[in-house]
Amino acid sequence: MSGVPTNEWFAPIVAELRLAAEHALLRRLDAGSGFADPRIASQIYLRDAAANARIAGGTLRPQHTHGAALAQLGAAIDGARARIDDTRLGTLIARLGLDATAGALVAATLAYAVDLDTRELAHALAGPRRPPGLYVDTCADLLELPPAQLLRAIALGSPLRRSRALAIDGDSLD
């Protein structure tokens, strides 16, 4: 795998997160988002399927084009679930007293930092209107976690912030 660190314990974690990022991007493409200019209202990606159907219903954008790839990738993700408990990352998470959400954010950030493919997929998920970076809403798609849960994990006073395990830009979603 190109870009994956040589540490045996970390490679499966990065591989799983890269697959998750690819899966998130394919979900958007399957919903018909990303084929044209993202500034057009009918091209925005809504996570609410009913709202997405109402907005995109009258447009000619392709939908349900990546179903087979999504199913194949879903099976690959299920087979690639990495255990982090007995790794250095697991030790870091335990020592800092992080919950599962904060630990997932740390893992996603590390994968973003060391794997070029994960980084490119995260940038594609963030969209062309933003400067390159790893955003909380991108992590919500990548990790398939509720945004409110992620916001609690990065809130002022949270263990993730107190430990300074992640550098968080201001009070935005960076």
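This section describes the fold of a predicted model, one helix pair within it, and three individual residues.

The chain contains nine helices and zero strands. Read from the N terminus, the order of elements is accordingly α-α-α-α-α-α-α-α-α. Of the 174 residues in the chain, 41% are buried. Among contacts with a sequence separation of 6 or more, 61% join residues that are 24 or more positions apart. The surface exposed by the chain amounts to about 9,800 Å², and carbon and sulfur atoms supply 57% of this area.

The packing of helices was examined for α1 and α6. Two packed helices are described by the angle between their axes and the distance between the axes. Helix α1 spans residues 11-30 and helix α6 spans residues 116-126; their axes come within 9 Å and cross at roughly 25 degrees. Because angles under 35 degrees count as roughly parallel, α1 and α6 are roughly parallel to each other. The crossing of this pair is left-handed. On the α1 side, the contact is formed by Val14, Arg18, Ala21, Glu22, Ala24, Leu25 and Arg28, which meet Asp117, Thr118, Leu121, Ala124 and Leu125 of α6. Classified by side chain, the contact of α1 with α6 comprises seven nonpolar, one polar and four charged residues. Leu25 in α1 and Leu121 in α6 are among the nonpolar participants, whereas Arg18 and Glu22 in α1 and Asp117 in α6 are among the charged ones.

Alanine 68 is located in helix α3, which covers residues 67-79. With a relative accessible area of 63%, alanine 68 is exposed, since the cut-off for this class is over 50%. Alanine 68 and aspartate 30 are separated by 38 residues in sequence, and the C-alpha to C-alpha distance between the two is 10.0 Å.

Backbone geometry was considered for two further residues. Most residues other than glycine have a negative phi. Glutamate 144, however, has a positive phi, near 50 degrees. Glutamate 144 lies in the loop that links α7 (136-143) with α8 (147-154), and its relative accessible area of 53% places it in the exposed class. A positive phi is also found at arginine 164, with a value near 60 degrees. Arginine 164 belongs to the segment that follows α9 (159-163). This arginine 164 likewise counts as exposed, at 72% relative accessibility.

Technical notes
Residues are numbered from 1 along each chain as its sequence is written. This is a predicted model: local features need pLDDT of at least 70, side-chain atom pairs count only at pLDDT 80 or more; totals for chains, interfaces and linings use all residues. Side-chain values use heavy atoms; hydrogens and water are left out. Helices (H or I, at least four residues) and strands (E, at least two) are DSSP runs, numbered from the N terminus. Buried means under 20% relative accessible area, exposed over 50%, partly exposed in between (1.4 Å probe, protein chains only). Contact means heavy atoms within 4.5 Å. Accessible areas come from the Shrake-Rupley method with a 1.4 Å probe; for residues, only the protein chains shown count as cover. Axes are lines fitted to C-alpha atoms, for helices over the stretch in contact, and angles run from 0 to 180 degrees between N-to-C directions. Angles under 35 degrees count as roughly parallel, over 145 as roughly antiparallel, 65 to 115 as roughly perpendicular and the rest as oblique. A crossing is left-handed if the near helix is turned anticlockwise from the far one by less than a right angle, and right-handed if clockwise.
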